[in-house]
Amino acid sequence: MTIRKAVIPAAGIGSRLLPLTKAIPKEMLPVGDKPVIEHTVRELVASGITDITIVVSGGKSLIQDHFRPNPALVAQLRADGKTAYADAVEEVGELSRAGHITYLDQHGPYGNGTPVLNAARHLGDEPMLVLWPDDVFVAEVPRAQQLVDAYAKTGAPVLALMPMDPAESSRYGVPVVEETEGDGLMRISGLKEKPKQADAPSAFAAIGGYVVTPGIIAELRRQVDLWYTHRTGEVYLTDAINIFAAENPVYGQVIRGRWYDTGNPADYLTAQFASALAHPEYGPLLRQLVAE
């Protein structure tokens, strides 16, 4: 089955970036000349995704405002002779149409599995991509496309992986690799969350990006039902993947490209700096500033 649907969970409060995110959603912080969530939306549209659901919470109306077409502003810019600005605003509005972006309010227990389940009720029982809105990938082939291609080969859930420095294993979910199949594709039996270096089962990290299948959605539903019975703990997507992987095939795909996390101040600044260095106009200015 071809993957045409995707979920972007965007209901978090951005606590690691406070007070910057007190009034501005972390998804709307700029990386280069685009909000970080726009990088994710563009990646999905470029990968052939035609139904994007963004799961939000209160205080996230700026996201909708950003992607909403604004013909009046475009007309005013064109009347003022500001054609390049008009084209840029119009293009962002076109993303909403091309990706058929819809928005859902998050409901349910705490945890990153909840927005996925919220969206699955809207999207139906089909495989779908799940991408976090605070990741930026720079790659010849978009990360989303690489995941879609891996699913086409396997027909099973797929996790995005990157090689990691073993000393940083305690920062990531580390996959248990059972078999390698070439081109960065490997069968895994689950993830070990934030292990010590000596306990890390492989030299790869799961870095945000999934193909989720109906079996994993069913496990998320089971977890949520249990939560409403006991009202303890949180509902995590990786827990559902681990339970599913115990009896079903699950794969990891090593992503070719460069990953930038923007979820904490140091990594956000790194992403900003890297984006500016790559810009044909701003890059030389920054290099001159550093030299001085």
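## Salt bridges, folds and odd angles: a friendly walk through the model

Biologist: Which side chain meets arginine 42 in a salt bridge?
Modeller: In this predicted model, the pair comes together with 2.7 Å from N to O. That is within the 4 Å allowed for a salt bridge. The partner of arginine 42 is glutamate 38.

Biologist: Where do arginine 42 and glutamate 38 sit, and how many helical turns separate them?
Modeller: Both belong to helix H1, which covers residues 36–46. Because they are four residues apart there, the separation is about one helical turn.

Biologist: Is glutamate 38 buried or exposed?
Modeller: Its partner arginine 42 has 21% relative accessibility, so arginine 42 counts as partly exposed. Glutamate 38 has 2% relative accessibility, and the cut-off for burial is under 20%. Therefore glutamate 38 counts as buried.

Biologist: Nice. Which residue forms a salt bridge with glutamate 219?
Modeller: Both partners lie in helix H7, residues 214–230, three residues apart, which is about one turn of the helix. The closest N and O atoms are 2.8 Å apart, and the partner is arginine 222.

Biologist: How does arginine 222 count in terms of accessibility?
Modeller: Glutamate 219 has 11% relative accessibility, so glutamate 219 counts as buried. Arginine 222 has 40%, which falls between the 20% and 50% limits. Arginine 222 therefore counts as partly exposed.

Biologist: Which residues do salt bridges that share partners join into one network?
Modeller: Side chains of opposite charge can pair when their charged atoms come close. Here, bridges with shared partners link Glu38, Arg42 and Glu91.

Biologist: Which side chain does lysine 26 meet in a salt bridge?
Modeller: The N to O distance in this pair is 3.2 Å, within the 4 Å limit. The partner of lysine 26 is aspartate 134.

Biologist: How many residues apart are aspartate 134 and lysine 26?
Modeller: Lysine 26 is in the loop between strand S1 (5–10) and strand S2 (30–31), while aspartate 134 is in the loop between strand S6 (128–130) and strand S7 (135–138). Both residues are buried. The pair links distant parts of the chain, and the separation is 108 residues.

Biologist: How many salt bridges does the structure hold?
Modeller: The pair of aspartate 134 and lysine 26 is one of them. For the structure, the count is 16.

Biologist: Turning to the backbone, which residues does a cis peptide bond join?
Modeller: Most residues other than glycine have a negative phi, and most peptide bonds are trans. In this bond omega is about 5°. Proline 19, one of the two partners, is found in the loop between S1 and S2. The cis bond joins leucine 18 and proline 19.

Biologist: What is the phi of aspartate 183?
Modeller: Aspartate 183 is in the loop between strand S9 (173–182) and strand S10 (185–193). With 62% relative accessibility, aspartate 183 counts as exposed. Its phi is positive, in a residue other than glycine, and near 55°.

Biologist: And what is the phi of lysine 194?
Modeller: Lysine 194 lies in the loop between S10 and strand S11 (204–212). Its relative accessible area is 55%, so lysine 194 is exposed. Here too phi is positive in a residue other than glycine, near 45°.

Biologist: Which residues does alanine 271 touch, leaving out those up to four places away in sequence?
Modeller: Alanine 271 is found in helix H9, residues 265–278. With a relative accessible area of 3%, alanine 271 is buried. The residues in contact are Val31, Tyr260 and Thr262.

Biologist: What distance separates the C-alpha atoms of alanine 271 and phenylalanine 137?
Modeller: Along the chain these two are 134 residues apart. In space their C-alpha atoms are separated by 9.9 Å.

Biologist: Now the whole chain: what is its radius of gyration?
Modeller: The chain has ten helices and 13 strands, and its C-alpha atoms fill a box of roughly 60 × 45 × 40 Å along the principal axes. A compact globule of 292 residues would have a radius near 19 Å. The chain agrees with that, because its own value is 20 Å.

Biologist: What percentage of the residues count as buried?
Modeller: The accessible surface comes to about 14300 Å², with 54% of it belonging to carbon and sulfur atoms. Of the 292 residues, the buried share is 46%.

Methods:
Residues are numbered from 1 along each chain as its sequence is written. This is a predicted model: local features need pLDDT of at least 70, side-chain atom pairs count only at pLDDT 80 or more; totals for chains, interfaces and linings use all residues. Side-chain values use heavy atoms; hydrogens and water are left out. Helices (H or I, at least four residues) and strands (E, at least two) are DSSP runs, numbered from the N terminus. The radius of gyration is taken over C-alpha atoms; the globule rule is 2.2 Å times the number of residues to the power 0.38. Buried means under 20% relative accessible area, exposed over 50%, partly exposed in between (1.4 Å probe, protein chains only). Accessible areas come from the Shrake-Rupley method with a 1.4 Å probe; for residues, only the protein chains shown count as cover. Contact means heavy atoms within 4.5 Å.
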